[in-house]
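Load the model in your viewer and set it to cartoon. The stops below are meant to be followed in order, each beginning with a selection.

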Amino acid sequence: MAEYVIETPKGKWEVVCGLEIHCQIISKSKIYSGASTEFGADPNEHVSFVDAGMPGMLPTLNEECVHQAVKTGIGLRAKINKYSNFARKNYFYADLPQGYQITQFAYPIVGEGEVLIDLADGSEKSIGIERMHIEQDAGKSIHDIDPKKSFIDLNRAGVGLMEIVTKPDFRAPEEAGAFLKKLRSILRYLGTCNGNMDEGSMRCDASISVRPLGSSKLRARAEVKNVNSVKFVMQAIESEAKRQVALYEAGETMPQQTRHFDPSTGGTKFLRLKEFSDDYRYFPEPDLAPLMLSDEYIQSVKDEIPELPDEKKERFVKEMGLTPYDAIVICENKETAAFFEKAAAGHDAKKVANWLMGDFFAMLNEKKLELKDSPVSAENLGRLVELVSQNVINGKTAKDVFAIMAETGENPEKIVEEKGLKQVTDTSAIEAVIDEVLASAPENVAAYKGGKQGLFGWFVGQVMKASKGKANPVIVNQMLKDKLG
Ligand code: MN
């Protein structure tokens, strides 16, 4: 658990936070119509009569969206409800032409579940999932084209969303950040949402309250809407919690309310008093039948679920000898994990992980490259590690070889061969170099023998230098010890 206490001269306070995340479903068409979900089209290019809210149009549930939601529910280790139904949530927005949103209310498709988060101190924490339901997105109002007019783009209207609601289990900004990263990782592994918060594919609302440390009573919360990055969610929790503490300590109260996060100040601003669910006049959607899922169907979706980050992490630790930290970093991204497995196949996995997280990531960063565009292939990285394991080259030379691989994309054997970098393990050749070094520095030899043990490193350095870095350092150390007696 992350330790996070707000301490003032007047007392100690604890944060209580829950998240609601709207995740855009990856599907070719919208959730209740056949219009395309393709991103980047001209405004209003992908709008059916259903999406435009034309009178008398009938929605049809897109099976692919259901499939994606069930997959996601399984990934959240959640109960899949065999019975769920749809509801109308009534409200007016210019970009919601129906005047209501078709969502799920009393009977969501996914029930309680759990997500494990990894914290900076190496601990894990379980965050409860309250529910997940599916619903349609609204369109987009555009206010920045004309000073006097607003425009409506309905391309997004009707795109499928999964709304994931957590339990109020977060006690620190760090925990919310770790959760969003883990959720994004799970969704990407599943292929059910691309998780891009900056593009609005994943939008987060945070419900935040505070209470005196040790108290178990919940106080009124503020809901901070549509925060669009992990960092901003963490900032919003921190600044909003501190704001509430200051209010309470000044003897004021706080009504339940909706707020907006302002990235330019890092603080939150009042939007409106919170509406309650009664205000929406929910009622069962008359145009869609309840959704019934069979055990066979749920099982068939379970059978498609790939290995997810938690299981992969455990396997990398247990079977490949990685530290939990290495495994967490490597497994966060499906592509990185696949690259690692390919590179490690048949080689020393721990050493491959060290290379991957060290020189390899540093190289990608420096060249501003994505993993898929890496000049060093997974196979070649594995072969480089193997050359060191087999004592063909030493660790120092391997770094030079890697630098050439990053420039040329060549395989390491070829570079070692062409540049004549093979490590010298021939003891007679090394002995000759050592004898030369010792003969050229008799005063240092005498000093060492006279007790200046610190000179040993100097001898090693001289021998390595004379061999142009190619002598096997283990052999050099051993032979020098023998010779200097
Ligand atoms: Mn919603």
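What follows is a tour of a predicted model, one selection at a time.

**Stop 1: the domains.** Colour the protein chain by its domain assignment: residues 6-301 for domain 1, 309-419 for domain 2 and 427-484 for domain 3. For a distance on the overall layout, take the C-alpha centres of domain 2 and domain 3, which are 33 Å apart.

**Stop 2: the manganese ion.** Select the manganese ion and show its protein donors as sticks. Which residues supply them? They are His22 through NE2, and Glu135 and Glu163 through OE, at 2.1 to 2.2 Å from the ion. Along the chain these donors are spaced as H-x112-E-x27-E. Glu135 sits in strand β7 (residues 124-136) and Glu163 in strand β10 (residues 160-166), so this pair ties together parts of the chain that are 28 residues apart in sequence. Are the two glutamates, Glu135 and Glu163, buried or exposed? Both are buried.

**Stop 3: strand β10.** Keep Glu163 displayed and extend the selection to the whole of β10. Of its 7 residues, 7 are buried, so the strand is largely enclosed by the rest of the structure. In a regular strand the side chains alternate between the two faces of the sheet. Here Gly160, Met162, Ile164 and Thr166 point one way, while Leu161, Glu163 and Val165 point the other way. The metal donor Glu163 therefore belongs to the set with Leu161 and Val165.

Now add the strands that pair with β10. Strand β2 (residues 11-24) is antiparallel to β10, with 5 bridges between them. Strand β7 also runs antiparallel to β10, joined by 7 bridges. Centre the view on Ile164 of β10: Ile21 stands opposite it, and so does Met132.

**Stop 4: the cavity.** Hide the strands and select Asp51, Leu96, Pro97, Gln98, Gln136, Asp137, Ala138, Ala157 and Gly158, the lining of the largest cavity. How many cavities of 30 Å³ or more are there? The count is 1. The volume of the largest cavity is about 40 Å³. Coloured by class, its lining shows 4 nonpolar, 3 polar and 2 charged residues.

**Stop 5: an open sheet.** Select β5, β4 and β15. These 3 strands form an open sheet in the order β5-β4-β15, with antiparallel pairing. β5 (100-103) and β15 (283-284) are the edge strands, each with a single partner, so one side of each has no neighbour in the sheet. Strand β4 (residues 87-90) meets β15 over 2 bridges. To find one of the contacts between them, pick Arg88, whose bridge partner in β15 is Phe283.

**Stop 6: two residues with positive phi.** Finish with a check of the backbone angles. Select Asn44 in the loop between β2 and α1 (63-75). Its phi is near 60°, a positive value in a residue other than glycine. Asn44 is partly exposed, with a relative accessible area of 37%.

Then move to Lys468, in the loop between α14 (456-466) and α15 (473-484). Phi of Lys468 is near 55°, again positive in a residue other than glycine. Lys468 is exposed, with a relative accessible area of 72%.

Key:
Residues numbered from 1 in each chain as written. Predicted model: local features only at pLDDT ≥ 70, side-chain atom pairs only at ≥ 80, totals over all residues. Heavy atoms only, no water. Domains from an automatic or database assignment. Donors = N, O, S within 2.8 Å, 3.2 Å for Na, K, Ca; no water. Helix = DSSP H or I, 4+ residues; strand = E, 2+ residues; numbered from the N terminus. Buried < 20%, exposed > 50% of the residue type's maximum accessible area, 1.4 Å probe, protein only. 1 Å grid on protein atoms, 1.4 Å probe; cavity = no way out; pocket = protein on both sides within 12 Å on 5 of 7 lines; lining within 4 Å. Points joined across faces, edges and corners; volume = space filled by probe spheres on them. Nonpolar A, V, L, I, M, F, W, Y, C, P; charged D, E, K, R; others polar. Pairing = 2+ DSSP bridges.
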